[in-house]
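I opened a new structure today and kept notes as I went. The entries follow the order in which I looked things up.

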Amino acid sequence: MSEKREHWSGNWGFLMALAGSAIGLGNIWKFPYVTGKYGGGAFVLVYLCCIMVIGLPILIGELTIGRATGQNPIGAFAALCPKRSKLADFLGGLVLLSGIALITFSQIGYGVLVMILGAVILYGGWKAIGLISGVITPFLILGYYGVVGGWTLIYAVKAVTGNLAFRTAAEAQAAFLPIQEAAPGTWWYVIGGQLAFMTLCGIILWFGVKKGIERCSKVLMPSLFVLLIVLILRSISLPGASAGLKFFLSPDFSKLSAEAVLVALGQAFYTLSLGMGITIVYGSYVKKGTNLPKSVLQLIGLDTMVAMMAGLAIFPAVFAMGFEPAAGEGLVFQILPTAFNMIPGGLGAVWSTVFFIAVAIAALTSGISLMEVIVSVLIDYFGMKRSAAVLLSWISVSVLGVLCSISMSSWENIPWMEKALTSLFGAPPESLFLTLDNLTANWFLPAAGMAISIFLGWVWGVRNAMNEIRQGAGRELDTNFFILLSGMRGESGYGDSYKHIFTPASIWGFFIRFITPISVMFVFLNMTGAIKFN
């Protein structure tokens, strides 16, 4: 028998834990960079629209599925879906035929994988969504996410010990490349960082939902806000910081394009941890009286605010020190340490320490949420105790993470895997890290998001989902949306009649059935290369 299911102690603990799952490394470097690249404030407006179109409907839906069933993703879909579904059988058969077609075109590896997926859908129906989003996806993501999490710990230690005093970006790059490429002499260094990161995640999860995840999130998330505020105040006070603010915030609608809209859609999807099973699991720990739509709106506000704060902390310092913005780890691990070291006053080590502790916190809170999904499946579906589930999750993810650590930029350190993958799939990507990133980001996540929206809108049904959402949400969901905005609720002639159209409930139902799945489908097709927008 599995352990008794825990619940969050209250709305604040739930919100901090949910914010911790959503606010990760993507908020610290990816959102600021793509915002500057695609038009600054103009991109932010598009991003917010995408959050409302994709993020809000699916996030509410995933939390609702979790709270309604009180189970992990596999158990949740098993509890809500019919034993047999014609739609699931149709999709499973279609996927199976697609796998056969791939094999006929000599795509043996991909064909076999697709055939296995089709067989799983035919056998388990909609439970296959829970398997993909609740086991496979978080396991693969955490395998390579833990590597970058280990980098943040390594650089936090380097900052504390004063070993980030780089005078040029080239010097910073020379120090970072051995870590990124996992040269044989630095294996222990890179693997140690990854194992330390995973061990921290395991220790927090060992203590459970309230004493582990919630207690940790209540401390770490406010700490992240404080650290970012300190960085912002110092960054914007630097001479020449206005150029960075202009780069980040000034709307440039000439840079908006179809590609920019798709990037905004993808950023909205991934920043809220959709399709990973996280919000289903966290929703299963929520008490019935919790107002889910309100919590989601608060989360979206916090998530967007942290992304904006990161941009305000990063770009003024980068421009003030005369550097050009760069993408990804190049910005975080090479440009920023150099920029902080050049800040007047001789306190560069202090600002680097503050920054990398903030980055490590963001990575850690997302890491524990990914690992908790796997732990919850082991507890609920296999009846394991939490301690055993955490230990098994830590071992399995760490093994995958070690392989990713030593093959970050090439297959040189694990040639046997390159040979195996090449025989199955042809020429593999540049590294195991990129293989897992491509598989999850371009295939599993958007596919799961689209399937979840279809399940909510057409299988379990908007009516059933809305009845669950109404518990704790109040009757505002069934009041005309424009009446709520105008402040006329409760006035004579503007009561809580269920006959009003354009209520939040009806708008959510329309979006989850039509707008959201179609939007996710376009993101999916673009990321897989089936269609391209210029």
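**Entry 1: Gly 99.** I started with Gly 99, which sits in helix α5. The model is a predicted one, and I kept that in mind throughout. Is Gly 99 buried or exposed? I found it buried, with a relative accessible area of 0%. Next I asked which residues touch Gly 99, leaving aside neighbours within four places in sequence. The contacts are Gly 111, Val 114 and Met 115. I also checked a distance to Gly 118, which is 19 residues away along the chain. The C-alpha atoms of Gly 99 and Gly 118 are separated by 7.9 Å.

**Entry 2: Arg 84.** I then stepped back along the chain to Arg 84. Arg 84 is in the loop between α4 and α5, and α5 spans 86-104. I set aside neighbours within four places in sequence and listed what Arg 84 contacts. I noted Asp 89, Leu 122 and Tyr 123. How many ångströms separate the C-alpha atoms of Arg 84 and Lys 210? I got 37 Å, for two residues 126 apart along the chain.

**Entry 3: helix α4.** On the other side of that loop I looked at α4, residues 73-80. Six of its eight residues are buried, so I wrote the helix down as largely enclosed by the rest of the structure. Which residues of α4 are buried? I listed Pro 73, Ile 74, Gly 75, Ala 76, Phe 77 and Leu 80. I then looked for what covers them. The cover includes α3 (41-69) and α7 (127-160). It also includes α13 (278-284), α16 (348-382) and α19 (432-459).

**Entry 4: Ser 273.** I turned to the backbone angles. Most residues other than glycine have a negative phi. Ser 273 has a phi near 60°, a positive value in a residue that is not glycine. Where is Ser 273? I placed Ser 273 in the loop between α12 (258-271) and α13. Ser 273 is buried as well, with a relative accessible area of 4%.

**Entry 5: two alanines in α8.** I took Ala 174 next, which belongs to helix α8, residues 169-181. Ala 174 is exposed, at 52% relative accessible area. I looked up Gln 334, which is 160 residues from Ala 174 in sequence. In space the two are 9.0 Å apart, C-alpha to C-alpha.

Then I moved to Ala 175, also placed in helix α8. Ala 175 has 28% relative accessibility, so I entered it as partly exposed. Which residues does Ala 175 contact, beyond neighbours within four places in sequence? I noted Tyr 155 and Phe 166. I also tried Trp 188, 13 residues from Ala 175 in sequence. The C-alpha to C-alpha distance there is 16 Å.

**Entry 6: the whole protein.** With those places noted, I looked at the protein overall. I counted 22 helices and zero strands. Why call the protein as compact as a globular protein of its length? The radius of gyration is 23 Å, close to the 24 Å that the globule rule gives for 534 residues, so I recorded the fold that way. The C-alpha atoms fill a box of roughly 65 × 65 × 50 Å along the principal axes.

I checked burial across the chain too. Buried residues make up 54% of the 534. I then took contacts between residues at least 6 apart in sequence, and 79% of these join residues at least 24 apart. The accessible surface comes to about 21900 Å². Carbon and sulfur atoms account for 69% of that surface. For charge, I noted 31 positive and 23 negative side chains. The centres of the two sets lie 9 Å apart.

**Entry 7: confidence.** I closed with the confidence scores. The average pLDDT of the protein is 85, and 93% of the residues score at least 70. Over residues 492-498 I found the pLDDT below 50. In the model, this stretch has twelve contacts beyond near neighbours in sequence.

Definitions and conventions. Residues numbered from 1 in each chain as written. Predicted model: local features only at pLDDT ≥ 70, side-chain atom pairs only at ≥ 80, totals over all residues. Heavy atoms only, no water. pLDDT = per-residue confidence, 0-100. Contact = heavy atoms within 4.5 Å. Helix = DSSP H or I, 4+ residues; strand = E, 2+ residues; numbered from the N terminus. Rg over C-alpha atoms; globule rule 2.2 N^0.38 Å. Buried < 20%, exposed > 50% of the residue type's maximum accessible area, 1.4 Å probe, protein only. Areas by Shrake-Rupley, 256 points an atom, 1.4 Å probe, with all protein chains shown as cover. Lys, Arg positive; Asp, Glu negative; His and termini not counted. Charge placed at Lys NZ, Arg CZ, Asp CG, Glu CD.
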